[in-house]
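Take a look at the protein below and get a feel for its overall layout. Then we'll go through it topic by topic.

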Amino acid sequence: MKPGRNDPCSCGSGKKYKNCCLGKAGFHPPHSSAPASDEINLLDSLFSTGRFVELEDRARPLLKLYPDSGVVWKLFSLSLQLQGKDALSAMQKAAELLPNDAEAHGNLAALLRARGQFEAAVTSGRRALQIRPEFAGGHNNLGVVLQSLGRIDEAMASYRRALEIKPGFAEAHNNLGGVLKELGQLDGAVASYRRAIQFKPGFAEAHNNLGGVLKELGQLDEAVASYRNALELKPDYAEAHSNLGIVMRELGRQDEEAECYRRALEIDPECVNAMLGIGHLCMESGDMTGAEDQFRKALEIKADDMDARFLLAQVGKVKVGDENLAALVAMEAAERNGAPPLLYNKAISLQFALGKCFDDLGDYDRAFPHFIEGCKLKRATFAYDAGKTSRYFTDIMRIFDQATIERLRGGGDSSQLPIFVLGMPRSGTTLTEQIISSHPDVHGAGELPDLMAIAQRDVAGTGAVFPNNIPALDLAGLGTWGADYVNGLQRRAPTAKRITDKMPVNFLAIGLIHMMLPNAKIIHVDRNPVDTCLSCFMQLFSSRQDQTYDLAELGRYYVDYARLMEHWRNVLPKGAFLDVQYEDIVADQETQARLMIAFCGLDWNDACIDFHKNKRPVRTASVSQVRQPIYKSSVERWRPYEKFLGPLLDALDDLAPKRA
């Protein structure tokens with residue numbers, strides 16, 4: 001029998017075994033083929049207490065004595081892995097010597113996945129589950145590998161199987177949330193992340209992931225709370241700092257946004273998402289060179305980062321020979337040739353980036369199929385009912401009739417602070433706001449969520465939301481809404497005489513604005529319907545614009561918008577809002593600028609002509625366009641794409657210009 005550590009050594013030296021031949025190369029105690037249980041127990045203890053260096057030091061001599069001990073190889077390999085050392089050969093040896101040990105094969109699968117050897121990882125993962133079908137951790141780990149391969153449905157099945165076996169498995173709930181997010185099933189993702197947190201309240205990664213989905217759902221305050229929870233649990237969590245910065249951008253809190261990115265990079269100098277965030281800030285302030293530098297720096301760290309490549313395509317006009325375009329083309333070709341498919345959001349970004357690049361080059365026949373494919377992928381990630389949207393517009397027109405407007409007239413807040421710039425997305429609202437906000441008495445606040453958030457408030461406990469809450473609204477409530485809106489504006493720019501809010505979708509509530517803020521100025525920007533819709537279709541929006549990813553649905557939405565605008569013209573007093581045509585601004589900027597400035601009750605200022613020199617942050621899809629003087633290439637932009645636009649033109653019907 002093998003001597004114990006404190007027994008006399010078998011060599012006859014008279015010393016204790018631990019102080020003599022234990023660990024000496026070539027020494028094999030008589031009649032022993034495996035370490036004694038106390039040696040294995042010691043290795044287990046070192047592993048469970050995180051003493052991985054000691055474990056490695058104890059295991060190495062044992063493996064010389066017992067080279068066929070699978071248990072020692074298993075613990076040794078884990079000690080290497082957890083020290084950041086190369087553990088692959090040791091882990092493979094453990095799996096070879098322990099053919100019926102599910103954990104050994106599961107460990108190997110996880111390491112192979114981390115090294116990018118996904119198919120081999122699937123094989124090892126499935127072997128672990130053949131040995132132990134009820135191995136919840138094995139099902140979860142296999143799901144992670146399958147997700148990395150883009151096999152989303154199989155990954156989801158693996159996570160669900162793990163949860164059938166172990167319902168309180170927080171990591172599997174978290175991973176299932178990630179799959180549901182990729183599929184655009186955001187409500188399901190929220191539920192999964194919340195369950196992960198329920199079973200493991202200190203799960204910082206789940207709090208971070210929940211914040212990401214809440215942000216996509218537009219629940220920005222809740223997203224901030226989730227990221228702060230993650231950071232309270234894990235203060236050096238660079239990704240959560242960076243993600244919090246992105247939400248601060250949505251909230252218009254630029255200083256806090258910049259601080260979040262700075263902190264992320266302080267923790268992790270190679271935090272790619274923080275670099276992209278800083279690049280965004282550069283774009284918003286007009287520093288396109290600085291933005292490009294940040295995006296390229298991110299690509300030096302992670303050459304296949306799709307977000308960086310997408311943003312690099314947006315920052316300026318693409319020219320022949322562009323290396324970023326070449327990389328995007330290569331990524332698409334690799335997918336066609338059998339490389340693991342990109343996850344949904346990355347695949348969508350790839351298609352929109354390729355479309356934009358070829359559009360810049362004037363290669364319209366190559367560009368538009370990419371936009372079609374990108375929109376098709378995006379449209380598959382959410383449910384949208386065009387008929388329901390049409391009924392919503394009809395409800396607005398029914399509720400905001402002449403009688404309602406007269407009933408609520410005389411209420412509201414008398415402030416002259418707000419200037420609303422509204423219309424369809426991509427209709428020229430950013431350009432219009434940039435012209436007006438170049439006036440020294442005007443602060444451009446950009447796209448604010450405030451108005452529609454107030455409009456959704458419950459009235460008198462009815463539980464109804466806009467527009468069905470309006471019949472219960474009285475003059476006092478209307479006054480409170482108006483004052484709350486004005487207070488929100490004032491907090492953004494306390495010394496400004498006038499403040500613009502250019503949230504396009506506020507066109508839904510022009511009647512409410514007229515009653516709630518009777519002295520506010522409202523400017524509606526109109527543009528050629530086909531140019532407007534084409535520009536929407538070719539834009540991957542950061543916010544929810546579900547109507548824009550199908551040509552027929554987009555055309556139907558535009559028709560609904562046009563009939564609502566006509567309703568406002570019919571039920572509101574003449575001059576309640578100013579209609580401005582985008583094409584007129586392009587053709588004669590100064591005349592239109594003077595018209596808008598006069599409508600706002602301001603004296604003329606020549607700064608409104610040089611709007612492109614205005615350095616205020618711009619946080620819309622038109623960020624690069626408004627840094628240039630007026631150009632005319634955006635007029636009749638749809639003509640080169642006419643052959644692709646049949647579903648849109650049919651839906652627009654009489655609103656569409658004459659076809660060629």
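Here's a quick tour of the whole protein, its sheet and its cysteines.

This is a predicted model, so local features need pLDDT of at least 70 and side-chain atom pairs count only at pLDDT 80 or more, while totals for chains, interfaces and linings use all residues. Residues are numbered from 1 along each chain as its sequence is written, and side-chain values use heavy atoms, with hydrogens and water left out.

**The whole protein**

- You'll find 31 helices and five strands here; helices (H or I, at least four residues) and strands (E, at least two) are DSSP runs, numbered from the N terminus.
- Measured out along the principal axes, the C-alpha atoms fill a box of roughly 110 × 55 × 45 Å.
- Out of 660 residues, 53% count as buried (buried means under 20% relative accessible area, exposed over 50%, partly exposed in between, with a 1.4 Å probe and protein chains only).
- About 28800 Å² of the protein is exposed, and carbon and sulfur atoms supply 50% of that (areas come from the Shrake-Rupley method with a 1.4 Å probe; for residues, only the protein chains shown count as cover).
- Among contacts with a separation of 6 or more, 64% link residues 24 or more positions apart (a contact means heavy atoms within 4.5 Å).

**The sheet**

- Five strands make an open sheet in the order β2-β3-β1-β4-β5, with parallel pairing (two strands pair if DSSP finds at least two bridges between them).
- β2 (442-444) and β5 (578-581) are at the edges with a single partner strand each, so one side of each has no neighbour in the sheet.
- From one strand to the next, the twist averages 25 degrees (axes are lines fitted to C-alpha atoms, for helices over the stretch in contact, and angles run from 0 to 180 degrees between N-to-C directions).
- β2 runs parallel to β3 (residues 498-501), and three bridges join them; V442 sits opposite R498 in β3.
- Helix α30 (residues 589-599) lies across β4 (521-526) and β5, at about 165 degrees to β5.

**The cysteines**

- How many disulfides are there? The count is zero, where a disulfide is a pair of cysteine sulfur atoms within 2.5 Å.
- C282 can't bond because the closest cysteine sulfur, in C271, is 16 Å from its own, which is too far.
- C536 is in no disulfide either, with the nearest cysteine sulfur, that of C533, 6.2 Å away.
- C282 is buried, with a relative accessible area of 15%, and C536 is buried too, at 0%.
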